[in-house]
Amino acid sequence: MPPIDSTQRKLFIGIAAATLLALVIVIADLASGGRPDPPALRAAATLLDGTWRFHIGDDPRWANAAADDSAWEMVDMTALPGSHDGDVGLPDYVGGWMAHGHPGYHGYAWYRRAVTVPAGHASWDILGPTLVEDGYELYWNGRLLGGSGRLGAHPRVVGTRPLQFALPTDAAGSRGVLAVRTYMDPGSTGSADGGGMHTAPILAPRPTSDALHHVQWQRTIAGYIVEVIEPLAMLAVMALALGYRSRSSRKGFLVFASIALALMAARRLNNAITAWTDLMDLTTYAWLASVMWIPTVAAWTWAWNRWCPRPWRSIDVAALALAVAACVGAAIHSASWTSASRLASIALFVVIGVRMVRSGPMRILALVTLAAVAAALFGGELLDPLAVPGIWFPFGIGVSRTQYVYAIATPLLAVLVVRTLSLQKARR
């Protein structure tokens with residue numbers, strides 16, 4: 001390896017400090033968000049679990065308190081102790097309607113139950129279910145309190161996040177009917193226990209409801225904090241690469257690696273945008289997830305091809321052809337086309353890796369970085385056969401396998417960028 005000059009040494013120190021700071025922020029947020037709800041708050045609130053009446057289909061009259069639901073099915077929303085969803089780690093998780101006699105069903109369904117609001121001067125709120133597939137509206141005695149997304153003739157479903165709904169001022173000391181209209185998009189890939197509500201709403205007086213709502217948001221933010229920190233780190237590496245491109249001995253590599261980093265950052269940031277806001281509907285999110293990997297893989301293939309002293313035009317052409325094939329597969333929803341293009345892209349990475357071994361400086365660092373990027377892009381093909389779990393739950397919050405790999409690959413890329421700087425040009 002070439003020697004290290006003072007500029008590179010300062011950059012290495014900056015990379016190490018930034019990595020350590022990001023790690024501290026993530027761990028602190030995971031530890032805070034993963035804590036159970038404070039017992040005092042849960043004791044002052046009522047989890048509306050237990051038996052609910054359930055009916056597939058849709059009829060606006062089912063929101064009314066007087067609607068006859070005696071012939072409806074009964075579903076138990078009581079969660080097993082310690083249960084949580086398989087993504088964020090949301091507590092009090094229960095299976096959806098696909099696990100209760102309606103496998104494969106998509107569309108509308110309703111939940112209803114009677115709720116007694118304690119008497120007193122307190123104002124009461126309903127904390128909406130924190131996990132629903134895919135959207136919902138919540139009614140109290142036929143009155144719409146709010147919901148997630150937009151339902152109706154042309155539904156727009158978004159990621160479910162913590163929502164708080166105020167009950168009418170005269171609800172205290174009364175008994176009413178809580179109705180939840182849910183909708184699962186036909187394009188959703190439901191699991192064996194998918195569909196409808198997965199967590200029960202909560203009845204709570206203020207300010208207990210405000211405090212519980214805050215705790216729910218802490219958990220939701222913690223569940224996607226990595227999807228913000230890592231894109232910021234990727235964009236920082238991109239800025240580093242473009243800022244020092246004139247001094248680099250691998251200018252072509254830095255250009256295409258920057259494009260790939262921008263695409264990866266956008267793809268990861270989509271997760272947080274969808275979970276925290278209504279800016280992106282689930283249909284758009286699913287479409288982006290199915291196609292954004294295509295230009296990302298192509299950009300990385302072209303980047304690593306230019307790491308070698310003499311890029312092979314055949315690899316560039318093959319990467320372009322595979323990108324076109326993958327786009328066709330996504331357009332016609334062909335799993336075989338998608339799988340074939342991904343496996344062929346892995347083969348191109350292997351060819352480039354062999355070329356790295358045979359020639360060029362920094363081959364070990366470059367190979368390790370290439371392997372980390374490949375593991376992030378092709379986790380299903382490379383890590384699933386090794387039985388590497390897809391998600392872990394440190395502090396009770398889900399952190400995906402891909403997030404761990406990016407946490408390794410991104411600092412390695414930063415170090416690799418710095419090592420390409422030309423000492424001769426620096427002296428001049």
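Which helices each supply at least two residues of the lining of the second largest pocket? Read on to the first close-up for the answer; everything shown here comes from a predicted model.

**Close-up A. The second largest pocket and its helical lining.** The helices in question are α1 (6-33), α4 (226-243) and α12 (401-419). Of these, α1 gives the most, putting twelve residues into the lining. The pocket's volume comes out at about 710 Å³. Its lining runs to 30 residues, and T19, A22, L23, I229 and A233 are the ones nearest the centre. Class by class, that lining splits into 25 nonpolar residues, four polar ones and one charged.

**Close-up B. Strand β10 and its partners β4 and β7.** Look at β10 (residues 175-184) and you'll find nine of its ten residues buried, so the rest of the structure largely encloses this strand. Strand β4 (residues 107-116) pairs with β10 in the antiparallel sense, over ten bridges. One spot to pick out is G107, whose bridge partner in β10 is M184. Strand β7 (residues 135-140) also runs antiparallel to β10, and six bridges join the two. Here Y139 stands opposite A179 of β10.

**Close-up C. The largest cavity.** The structure holds three cavities of 30 Å³ or more. The largest cavity has about 130 Å³ of space in it. It is lined by 14 residues, with P91, D92, T130, I202 and Q216 closest to its centre. The lining is a mixed bag: six nonpolar, four polar and four charged residues.

**Close-up D. A salt-bridge network around D37, R42, D92 and R219.** These four residues are joined into one network by salt bridges that share partners. D37 and R219 meet through their side chains at 2.9 Å, N to O. D37 sits in the loop between α1 and α2 (39-44) and R219 in helix α3 (residues 208-224), so this pair ties together parts 182 residues apart in sequence. D37 counts as buried at 13% relative accessibility, and R219 is buried too, at 6%. Then there's D92 with R42, a salt bridge of 3.4 Å, N to O. Because D92 belongs to the loop between β3 (73-76) and β4 while R42 is in helix α2, the pair links parts 50 residues apart in sequence. D92 is partly exposed at 24%, and R42 is partly exposed at 25%.

**Close-up E. The salt bridge between R61 and D59.** The closest N and O atoms of this pair are 2.8 Å apart. R61 is exposed, with a relative accessible area of 57%, whereas D59 counts as buried at 14%. The total for the structure is 14 salt bridges.

Key:
Residues are numbered from 1 along each chain as its sequence is written. This is a predicted model: local features need pLDDT of at least 70, side-chain atom pairs count only at pLDDT 80 or more; totals for chains, interfaces and linings use all residues. Side-chain values use heavy atoms; hydrogens and water are left out. Buried means under 20% relative accessible area, exposed over 50%, partly exposed in between (1.4 Å probe, protein chains only). Helices (H or I, at least four residues) and strands (E, at least two) are DSSP runs, numbered from the N terminus. Two strands pair if DSSP finds at least two bridges between them. On a 1 Å grid over the protein atoms alone, a cavity is a set of points where a 1.4 Å probe fits but cannot get out, and a pocket is an open set with protein on both sides within 12 Å along at least five of seven lines; lining residues have an atom within 4 Å of a point. Grid points are joined across faces, edges and corners, and a volume is the space filled by probe spheres set on the points. Ala, Val, Leu, Ile, Met, Phe, Trp, Tyr, Cys and Pro count as nonpolar, Asp, Glu, Lys and Arg as charged, and the others, Gly among them, as polar.
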